[in-house]
Amino acid sequence: MHPSETLTDKETGTGLHPLRLLLILLIISILMMFAGLTSGYIVRRDEGNWLEFDLPTGLLFNTIVIAISSATMQWAWFSARKDNLRQVKIGMLTTLALGVLFLIGQWQVWGELVSNRVYFGGADSNPSGSFMYVLTGVHGFHLITGLIFLVLVVVKSLRYEVHSRQMLAITNGTIYWHFLGALWLYLYLFLLLNH
Amino acid sequence: MAANIPTNAPVHGTPTVPHVEHDEHLHHDEHHEQSFLTKYIFSQDHKVIAKQFLITGIFWAIMGGALSSLFRLQLGWPESTMSWLTPVLGKWVEAGKLNPEFYLALVTMHGTIMVFFVLTAGLSGTFSNFLIPLQVGARDMASGFMNMLSYWFFFISSIIMFSSIFIETGPASAGWTIYPPLSALPQAIPGSGAGMTLWLVSMALFIISQLLGGVNYITTVINLRTRGMSMGKLPLTIWSFFLTAILGLLAFPVLFSAALLLIFDRSFGTSFFLSDIYIAGQALNNTGGSPILFQHLFWFLGHPEVYIVIMPAMGMVSEILATNSRKPIFGYRAMIGSLIGISLLSFVVWAHHMFVTGMNPFLGSVFMFLTLIIAVPSGVKVFNWLATLWRGNIRFTTAMLFSIGFVSLFISGGLTGIILGNAALDIQMHNTYFVVAHFHLVMGSSAFFGLFAGVYHWFPKMFGRMLDEKLGYVHFWLTFIGVYLVFMPMHYVGIAGFPRRYYAWTGFDSFSQFADLNKFISAAAIFAFIGQFIFIFNFFYSIWRGRRATENPWNSNTLEWTTPVIPGHGNWPGAIPAVHRWPYDYSKPGAEKDFIPQNVPYSQTQSSNLPNERETAE
């Protein structure tokens with residue numbers, strides 16, 4: 001927005017702050033991307049010549065990690081609303097750590113896949129395995145953007161710019177983080193049901 | 001940021017409206033000088049970004065037109081020697097003949113440039129950026145920073161696409177639809193080597209640019225409308241930009257998915273789209289892929305994309321027709337309804353591009369049925385445009401001529417859409433010039449006419465000067481006649497079976513009879529292309545030397561004409577005007593003048609108020 005723009009003399013829109021709406025629209029675009037990939041997965045699987053393999057066991061562990069990270073993020077958000085600034089920092093740093101742990105876990109899963117002879121590319125690869133890498137990889141990329149977002153919120157909180165009267169940044173961060181968690185949950189269930 | 005703009009808004013106060021959370025922008029320091037760099041290059045002002053998009057778009061349009069002139073030379077005079085082009089094309093001319101693979105590269109780049117870089121970024125990028133904040137009554141886009149990023153992603157994407165033309169193996173050559181396996185295998189055609197890689201990287205950046213721009217347009221329309229500007233009072237331009245942005249938001253990510261998988265197939269040895277291929281006597285080890293899957297993913301974007309191209313033109317044409325007919329737009333709500341209808345339908349018709357892929361005939365008939373329904377909202381729009389013109393007090397400004405030309409081209413091109421939407425007919429016509437003629441009229445030329453109409457109409461607000469009308473007339477008639485001379489005969493050769501995508505047709509006796517018509521089409525195309533330089537001269541000459549514009553040269557109603565001749569960053573020096581009425585109060589019975597701007601309250605127009613408006617005025 002232009003620095004002199006005020007939201008006081010505007011027609012009431014959705015009731016959402018513009019930056020919140022921007023975030024939701026970006027989330028929709030990410031959703032459409034995964035809708036494209038997973039529907040491609042289904043179409044391709046129905047055509048046959050599809051390598052069946054057991055999902056790596058590490059995925060369950062990672063799913064639990066990312067679920068816990070959503071909880072700690074929510075805890076940080078509640079703390080911010082109660083102006084408990086120390087807990088905000090603890091909550092967010094824990095979330096960051098769990099996010100990094102999730103990424104490391106996904107890397108291990110890729111290793112597990114390779115040791116199970118499920119390859120991304122090359123002569124021995126099959127689209128079923130390649131899709132597995134693409135879905136986890138693209139999600140991982142978005143998780144990195146989520147981590148960057150959270151780091152920015154942490155920096156704000158260190159400057160005392162996150163508290164009960166300035167909730168925009170941490171709420172947006174929380175929404176994005178929950179979205180990434182939910183997206184992973186969707187992908188995990190999708191892979192469980194369709195692998 | 002805008003130190004020169006006095007604002008009466010309570011900048012540092014805490015806003016007290018319920019729908020606002022804490023607005024962190026309000027705490028920014030706004031008193032710093034603008035350097036040349038932040039004012040003209042890395043500007044966050046939507047009007048400067050719009051001009052950046054426009055000028056980049058003009059550059060690309062010249063490129064796209066020049067490439068098409070080159071391949072029209074080949075098609076019109078296949079026997080001639082082209083050694084005179086060697087200074088430009090270098091080794092792409094071999095022994096006086098155009099290299100056949102380079103011919104395909106020319107067609108590919110022409111399509112890519114025109115569809116994406118000119119008619120998506122150049123059209124939507126220019127006018128959504130320029131008009132949305134001005135017409136809804138906002139000081140800038142929701143996020144000026146993301147808006148700036150949107151242009152610079154487009155710029156980098158442009159640089160990469162442009163540089164791909166100059167590499168040794170040539171630019172991408174698999175058509176603008178880049179179907180694998182042709183696009184996936186460097187062995188298949190030289191252009192599928194480094195050229196294709198650059199194409200994909202460029203398009204990925206382009207998609208990011210479109211998404212950054214699109215989310216901004218949507219948010220600005222929803223959140224930053226000025227007081228009184230309800231959705232039912234928005235100019236049709238804004239409705240069309242708004243729906244276009246939504247289409248882009250839903251369609252472009254899917255193209256990104258497709259491009260990503262194609263990148264993996266090309267560079268990382270996966271087999272999403274490749275299976276059982278023998279090339280140059282060798283069997284590739286890719287198994288299990290499906291090239292049809294790519295087409296589904298591509299056209300799920302590709303079809304909405306043609307509406308992304310045409311809808312902004314529709315919106316601008318509606319606005320210009322009403323202003324210059326001095327009449328309210330006919331069927332305002334039907335216009336919005338038909339835009340929404342077209343937007344919804346655009347997502348359920350993609351497979352009509354794939355009738356010849358051997359799809360299940362039942363599925364084909366479902367897509368055919370849905371496709372033909374598009375004729376309904378399109379027909380509503382055409383009827384409303386004609387009814388707006390009917391008995392209007394028409395002012396033939398250049399913008400008006402281009403708008404009427406748009407309606408003409410949209411009708412001519414739309415009629416053949418009904419033919420091609422039929423699976424049974426499309427299978428006959430699909431590989432002929434009939435399809436080329438159809439989409440060049442209905443979305444290519446029409447959208448270009450919308451673009452020209454927009455530039456002629458809003459140039460005074462962009463640069464504070466008028467474009468020359470006489471040059472504009474010459475430009476219009478050359479273009480209008482040129483377009484019909486190119487594409488009308490093309491329908492004929494198409495119906496007669498002349499195949500598209502062929503580099504040379506001289507080897508086939510049955511097609512030799514079209515030699516004269518092909519020559520004619522080529523001459524007309526080059527003639528129309530040369531005509532565009534009149535516009536380019538007019539454009540750049542008028543930026544500095546044109547007649548000075550007044551604040552509201554067309555006596556128009558929308559809010560952008562209430563700003564100063566050259567609005568600064570922030571658009572209105574004082575408060576943003578509130579809106580009281582719809583944007584189409586032209587020639588209202590009883591009114592003093594034949595237009596009543598949107599910011600005039602009913603209390604000031606007692607003589608022309610309708611019974612229901614009298615109550616509002618009291």
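Reader: At what angle do helix α4 and helix α14 of chain B pack?

Author: This is a predicted model, and in it helix α4(B) spans residues 100-136 while helix α14(B) spans residues 433-463. The axes of these two helices lie 11 Å apart, and α4(B) passes α14(B) in a left-handed crossing. The angle at which they pack is about 30°.

Reader: Which residues make the contact between α4(B) and α14(B), and how many of them are nonpolar, polar and charged?

Author: On the side of α4(B) the contact is made by M114(B), L119(B), G122(B), L123(B), F127(B) and F130(B), and these meet G444(B), A447(B), L451(B), G454(B), W458(B) and M462(B) of α14(B). Sorted by class, this contact of α4(B) with α14(B) comes to 9 nonpolar, 3 polar and no charged residues.

Reader: Where on chain B does the side that touches chain A come from, and which helix gives the largest share?

Author: The two chains meet through 63 residues of chain B and 45 residues of chain A. On the side of chain B that touches chain A, at least two residues each are supplied by α6 (194-223), α7 (236-267) and α8 (291-325) of chain B. By class, that side holds 30 nonpolar, 25 polar and 8 charged residues. The largest share of it, 9 residues, comes from α7(B).

Reader: What pattern of secondary structure does chain A follow along its sequence?

Author: Chain A has 5 helices and 0 strands, and its C-alpha atoms fill a box of roughly 60 × 40 × 25 Å along the principal axes. Among its contacts with a separation of 6 or more, 75% join residues 24 or more positions apart. Read along the sequence, the pattern is α-α-α-α-α.

Reader: Which residues of chain A does UniProt list under "transmembrane region"?

Author: The unreviewed UniProt entry also assigns residues 1-195 of chain A to "domain: Heme-copper oxidase subunit III family profile", a span that is 73% helix and 0% strand in the model. Of the stretches annotated as "transmembrane region", residues 55-78 are 88% helix with end C-alpha atoms 36 Å apart, whereas residues 90-110 are 100% helix with end C-alpha atoms 30 Å apart. In full, the unreviewed entry gives that annotation to residues 21-43, 55-78, 90-110, 130-155 and 175-193.

Reader: Is M92(A) buried or exposed?

Author: M92(A) is found in helix α3 of chain A, which covers residues 85-115, and, leaving aside residues up to four places away in sequence, M92(A) touches A76(A), L150(A), V153(A), V154(A) and S157(A). One of these partners, S157(A), is 65 residues from M92(A) in sequence, yet their C-alpha atoms are 9.6 Å apart in space. Because a residue needs 20 or more other C-beta atoms within 10 Å to be called buried, and M92(A) has 27 such neighbours, M92(A) counts as buried.

Reader: How many Å does helix α4 of chain A reach from its first C-alpha to its last?

Author: Helix α4(A) runs over residues 127-158 and has 32 residues, and just after this helix Y160(A) takes a positive phi of about 60°. At 1.5 Å a residue the expected span is 46 Å, and the reach of α4(A) in the model, described as close to that expectation, is 46 Å.

Technical notes:
Residues are numbered from 1 along each chain as its sequence is written. Chains are lettered from A and ligands numbered from 1 in the order in which they are written. This is a predicted model: local features need pLDDT of at least 70, side-chain atom pairs count only at pLDDT 80 or more; totals for chains, interfaces and linings use all residues. Helices (H or I, at least four residues) and strands (E, at least two) are DSSP runs, numbered from the N terminus. Two residues are in contact if their C-beta atoms, placed from the backbone, lie within 7 Å. Axes are lines fitted to C-alpha atoms, for helices over the stretch in contact, and angles run from 0 to 180 degrees between N-to-C directions. A crossing is left-handed if the near helix is turned anticlockwise from the far one by less than a right angle, and right-handed if clockwise. Ala, Val, Leu, Ile, Met, Phe, Trp, Tyr, Cys and Pro count as nonpolar, Asp, Glu, Lys and Arg as charged, and the others, Gly among them, as polar. UniProt positions are given in the numbering used here, feature names are shortened, and annotations may be inferred rather than shown by experiment. A residue is buried if 20 or more other C-beta atoms lie within 10 Å of its own, exposed if 12 or fewer, and partly exposed in between; C-beta atoms are placed from the backbone. The expected span of a helix is 1.5 Å times one less than its number of residues.
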